[in-house]
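User: I am new to reading structures, and I would like to learn how each term is justified by the numbers behind it. Could we go through this one together?

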Amino acid sequence: MSSDDERDEKELDITSSEVVTKYKSAAEIVNKALLGVLAECKPKAKIVDICEKGDSFIKEQAGSMYKNVKKKIDRGVAFPTCVSVNNTVGHFSPLASDETVLEEGDMVKIDMGCHIDGFIALVAHTHVIQEGPITGRKADVIAAANTAAEVALRLVRPGKKNHAVTEAIQKVAEAYDCKIVEGVISHQMKQNVIDGSKSFLSVSTPETRVDDAEFEENEVYAIDIVASTGDGKPKLLDEKQTTIYKKDAAVNYQLKMKASRFIFSEIKEKFPHMPFTARSLEEKRARLGLVECVNHGHLQPYPVLYEKPGDFVAQIKFTVLLMPNGSDRITSHTLQELQPTKTIDDPEIKGWLALGIKKKKGGGKKKKAKKAGETSTEAEPMEASTSAQE
């Protein structure tokens with residue numbers, strides 16, 4: 001076996017500087033894509049057009065990288081652009097025929113991802129279409145999601161246990177009189193693996209369980225926090241709205257319909273590892289073929305779920321590398337000014353927010369970091385996020 005083959009056999013992780021560069025390149029692209037999508041979020045803008053623009057930007061930017069390498073490097077969209085509004089929990093990335101538009105005052109959740117050579121950077125951000133500060137329950141739920149994300153960033157660190165993060169983020173949501181949405185799982189990511197076996201739940205329920213795990217150095221996580229002003233138990237209203245799927249490599253069922261076999265061979269070729277949108281497939285055949293593929297487990301659907309009308313749902317998702325010198329959050333975006341109705345008084349939550357993200361190099365700087373962490377929960381919730389784009 002040649003040394004090149006041996007390198008291919010070995011699982012690549014962030015102990016390799018080349019791998020870190022690929023994660024950061026993917027992150028830079030998706031952070032820029034998020035900026036572009038936010039600029040498109042205006043009253044009367046069609047959601048499908050915004051989703052298309054987000055995906056096109058990622059494909060174009062990723063496609064211009066690593067063009068001149070000997071071995072072809074797969075790169076592009078790691079998670080299709082979703083624009084989910086108000087009480088929609090997520091995964092809304094409609095087909096071309098959909099006429100849904102944004103309106104003034106809508107709370108918009110943008111969720112998207114990019115990968116370079118299978119190394120994935122995911123981000124989700126919540127934005128309200130209005131001028132001036134966000135107030136009332138909209139501000140509460142965004143602050144709840146963001147503060148929970150800040151706490152998770154500090155607790156997802158080597159030596160800590162996954163269940164401790166689940167308990168902490170629920171406590172944060174309660175402080176804002178909000179609920180963390182059930183069924184949302186934050187996963188470890190590896191090359192070509194968006195949902196690794198190590199994970200933690202946002203909410204522990206009898207129906208959903210994950211194995212106990214301890215975070216370790218050189219791991220990568222997508223931390224996904226979804227908070228709601230409702231009861232946090234979303235429902236599926238219309239299966240036809242599901243447009244995002246991921247191939248399950250473990251299933252071997254022989255498809256019966258010609259349309260299913262055609263569409264599945266297209267999926268295997270174009271999207272062997274990453275989730276994709278049905279918009280990317282030949283649409284008439286896709287509608288016929290996808291049903292059989294889903295029914296027999298070849299595809300895992302990402303359903304569009306809803307809280308009750310009048311509820312607001314906020315999402316913050318970021319990618320973090322657990323580096324030897326501390327946590328490196330590589331995707332994020334600064335929030336609008338928030339004026340929540342609640343403030344954080346709980347000493348335990350304040351203690352979590354005061355934890356440093358990087359390991360101390362020397363004396364003197366730790367106290368400043370603590371204060372920044374504490375104030376960042378309200379007036380400027382994403383103050384720490386500027387470092388993610390350096």
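**Strands, helices and confidence**

Analyst: We can begin with one pairing: Val320 has Arg329, in strand 15, as its bridge partner. This is a predicted model, in which local features need pLDDT of at least 70 and side-chain atom pairs count only at pLDDT 80 or more, while totals for chains, interfaces and linings use all residues. Residues are numbered from 1 along each chain as its sequence is written, and side-chain values use heavy atoms, with hydrogens and water left out.

User: What makes strand 14 and strand 15 a pair?

Analyst: Strands (E, at least two residues) and helices (H or I, at least four) are DSSP runs numbered from the N terminus, and two strands pair if DSSP finds at least two bridges between them. Four bridges join strand 14 to strand 15 (residues 326-329), and the two strands, which run antiparallel, form a hairpin with two residues between them.

User: Which strand pairs with strand 8, and over how many bridges?

Analyst: Strand 8 (residues 220-228) pairs with strand 14 in the antiparallel sense over nine bridges, and one example is Val220, whose bridge partner in strand 14 is Leu321.

User: Why is strand 14 called largely enclosed?

Analyst: A residue is buried under 20% relative accessible area, exposed over 50% and partly exposed in between (1.4 Å probe, protein chains only). In strand 14 (residues 313-323), 11 of the 11 residues are buried, so the strand is largely enclosed by the rest of the structure. Both faces are covered, with buried residues including Val313 and Gln315 on one side and Ala314 and Ile316 on the other.

User: How do you know that the length of helix 2 agrees with its number of residues?

Analyst: The expected span is 1.5 Å times one less than the number of residues. For the 24 residues of helix 2 (residues 17-40) this gives 34 Å, and because the end C-alpha atoms are 35 Å apart, the two values agree.

User: What makes strand 11 and strand 12 edge strands?

Analyst: The open sheet of three strands has the order 11-10-12, with antiparallel pairing. Strand 11 (276-277) and strand 12 (299-302) each have a single partner strand, so one side of each is left without a neighbour in the sheet.

User: How confident is the prediction along the chain?

Analyst: pLDDT is the predictor's confidence in each residue, from 0 to 100; the mean for the protein chain is 89, and 90% of its residues reach 70 or more. However, pLDDT stays under 50 over residues 1-7 and over residues 363-390.

Technical notes: Contact = heavy atoms within 4.5 Å.
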